[in-house]
Amino acid sequence: MTTLARDRGQPERLANLDAADAAASPATPSVRWKILLYLGALIVLLGFGAPGGGLIGLPISFILKNKLHLKAHQTALFGLVAATPIYFSTLFGLARDRWSPFGMGDRGFLLLFGAICAVVYVLFAFVPLTYVALLVAVALARIAYLFVLSAQSGLTSAIGQQHVMSGQISAAWNLFSSLPGIAALLLGGAFSDLLEGERADQAAHNLFFVGAAIMALIALLALCRPASVFQNLRDERLRHARLADDLRRLIRHWPIYPALLIWMLWNFAPGSVTALQYYLQDTLHAKDAQRGQWNAVFAVGFIPTYMLFGLLCQKLPLRTLLIWGTVVAVPQMVPLLFIHSVAGALVAAAAIGLMGGVATSAYMALLIRSCPQGLQGTVMMAALGLFEVSTRLGDVLGTDLYDAFGGFTVCVIAITAVYALILPLVFLAPRSVVDMPDGEAPKPLPR
């Protein structure tokens with residue numbers, strides 16, 4: 001049963017699917033490339049249109065700093081409050097797994113909430129740029145955006161499972177999602193100049209119009225239904241199941257626990273954000289532009305090993321890539337102990353990125369494989385919420401360590417210790433989930 005039949009109002013319970021229909025089946029190479037290109041376009045558009053990043057997050061940060069003249073702690077508080085919807089990401093994923101707007105499944109979410117987010121951005125462009133107006137607008141846009149993101153995450157994960165290409169999906173997902181962030185970092189100086197002076201308000205409004213156009217394009221993309229993506233994609237959601245049953249099935253699904261715990265530890269990294277910034281600027285005397293360059297080099301450094309993982313995952317079991325990816329990633333921050341200049345820091349940034357690419361892709365592939373059928377959106381959005389919370393908590397702990405010990409060495413030690421805790425967790429992942437490469441169907445996960 002294809003999703004086209006589901007769109008026409010013929011939902012079926014997963015329990016009624018026969019064994020042949022429920023089995024994962026590899027896609028042909030040409031279909032896989034078409035799927036990856038479609039998902040890549042969607043992921044890149046979402047990255048550029050994100051309220052907290054891409055083309056929108058950066059101008060907001062400049063407005064808060066340059067126009068509203070907020071202090072650092074006030075800007076941090078703005079980010080903390082505006083990010084509130086992300087802390088409840090699991091609920092957006094659960095909505096995706098239980099609701100089908102217009103009977104279109106994930107495409108319905110892209111259409112409805114992509115349009116709503118575009119409208120919010122348009123309104124944003126006409127509202128005077130005050131603290132409260134920005135806070136409300138970002139929060140509203142983020143709510144609509146999270147519904148769109150839940151559809152993309154659930155769709156991407158379901159494709160990875162059903163076509164046994166979780167590793168290739170993970171590599172592409174990480175690669176494409178990094179591009180908007182790299183572009184924003186490279187354009188940061190131009191944005192800074194654009195958002196200063198007498199025409200700063202108009203420039204900011206124009207950027208919000210661009211954000212609206214991007215989200216409108218996502219809504220239009222939902223009207224397309226490429227056969228390579230949707231023709232052989234089963235709708236596994238149990239829309240008539242009770243919420244309590246879905247939650248019980250999720251809680252009893254063991255594979256998600258090691259996967260989510262690994263993801264949480266990987267993103268905890270105490271000291272990798274604020275403390276690192278202070279280290280680069282106070283100890284190595286890096287300028288603001290050089291700090292941006294460090295972030296850009298760091299992000300670009302991941303790309304070659306994302307691509308390497310995309311090749312290796314088709315030949316090696318995920319278990320092997322998890323183990324060796326983690327072994328390489330544990331000392332990821334150690335190169336920072338041996339640098340004494342900004343130029344050296346930039347070289348270290350490239351090495352640090354290279355050391356983390358395989359691990360990041362492997363951990364995301366594990367998440368995709370570990371999702372219970374029909375609840376992919378819930379698990380992947382829970383991972384997003386964990387990312388946000390663990391990153392912020394790690395930043396707070398790292399900053400405290402940096403201040404208490406008066407240097408970045410203690411942060412490197414803390415990050416290395418946290419990453420080392422990941423290795424034993426890798427062995428807790430069920431062998432039925434990790435003992436095969438892409439293209440080899442795993443044993444069916446519990447429903």
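**Legends to the close-up views**

**Helix α9 meets helix α19 through S157, G160 and Q161 on the α9 side and I368, R369 and S370 on the α19 side.** Sorted by class, the residues of this contact comprise one nonpolar, four polar and one charged. This view, like those that follow, is drawn from a predicted model. The axes of α9 and α19 are 8 Å apart and the helices pack at an angle of about 80°. Because angles from 65 to 115 degrees count as roughly perpendicular, α9 is roughly perpendicular to α19.

**Helix α18 crosses helix α19, with axes that come within 8 Å at an angle of roughly 140°.** This angle makes α18 oblique to α19. The cut-off matters here, because only an angle over 145 degrees would count as roughly antiparallel. The handedness of the crossing of α18 and α19 is left-handed. From α18, which spans residues 318-329, the contact takes in L318, L321, L322, G325, T326, V328 and A329. From α19, which spans residues 342-370, the contact takes in M355, V358, A359, A362, Y363, A365, L366 and R369. By class, this contact of α18 with α19 consists of 12 nonpolar, two polar and one charged residues. R369 of α19 belongs to this contact and also to the contact with α9.

**Helix α7 crosses helix α9 at roughly 60°, and their axes come within 9 Å.** The two helices are therefore oblique to each other, and α7 passes α9 in a right-handed crossing. On the α7 side the contact is formed by S89, F92, G93, A95 and R96. On the α9 side, I143, L146, F147, S150, A151, G154 and L155 take part. The classes in this contact are seven nonpolar, four polar and one charged.

**Helix α7, residues 89-98, has S89, F92, G93, L94, R96 and D97 as buried residues.** The buried residues of α7 pack against five helices: α6 (84-87), α8 (106-126), α9 (131-162), α14 (243-251) and α20 (376-405). Among the buried residues of α7, S89, F92, G93 and R96 also appear in the contact with α9.

**F408 lies in the loop between α20 and α21 (409-420).** F408 has a relative accessible area of 3% and is therefore buried, the cut-off for this being under 20%. Apart from neighbours within four places in sequence, F408 is in contact with G271, A275, L276, Y279, L336 and Y402. The C-alpha atoms of F408 and Y278 are 9.0 Å apart in space, while the two residues are separated by 130 residues in sequence.

**A269 has a positive phi of about 35° although it is not a glycine.** Most residues other than glycine have a negative phi. A269 sits in the loop between α15 (256-268) and α16 (274-283). The relative accessible area of A269 is 6%, so A269 is buried.

**H285 also has a positive phi, of about 60°, and is not a glycine.** H285 is placed in the loop between α16 and α17 (288-312). With a relative accessible area of 58%, H285 is exposed. The two loop residues with positive phi thus fall in opposite categories, A269 being buried and H285 exposed.

**A216 is part of helix α12, residues 200-221.** A216 counts as partly exposed, at 31% relative accessibility. A216 and A115 are 101 residues apart in sequence, yet their C-alpha atoms are 5.5 Å apart. Leaving aside neighbours within four places in sequence, A216 is in contact with G114 and A118.

**The whole chain, given for context, has 23 helices and zero strands.** Of the 447 residues in the chain, 55% are buried. Among contacts in the chain with a separation of 6 or more, 85% join residues 24 or more positions apart. The chain exposes about 18,700 Å², and carbon and sulfur atoms supply 69% of this area.

Definitions and conventions:
Residues numbered from 1 in each chain as written. Predicted model: local features only at pLDDT ≥ 70, side-chain atom pairs only at ≥ 80, totals over all residues. Heavy atoms only, no water. Helix = DSSP H or I, 4+ residues; strand = E, 2+ residues; numbered from the N terminus. Buried < 20%, exposed > 50% of the residue type's maximum accessible area, 1.4 Å probe, protein only. Contact = heavy atoms within 4.5 Å. Areas by Shrake-Rupley, 256 points an atom, 1.4 Å probe, with all protein chains shown as cover. Axes fitted to C-alpha atoms, helices over the stretch in contact; angles between N-to-C directions. Parallel < 35°, antiparallel > 145°, perpendicular 65-115°, else oblique. Left-handed = near helix turned anticlockwise from the far one by under 90°. Nonpolar A, V, L, I, M, F, W, Y, C, P; charged D, E, K, R; others polar.
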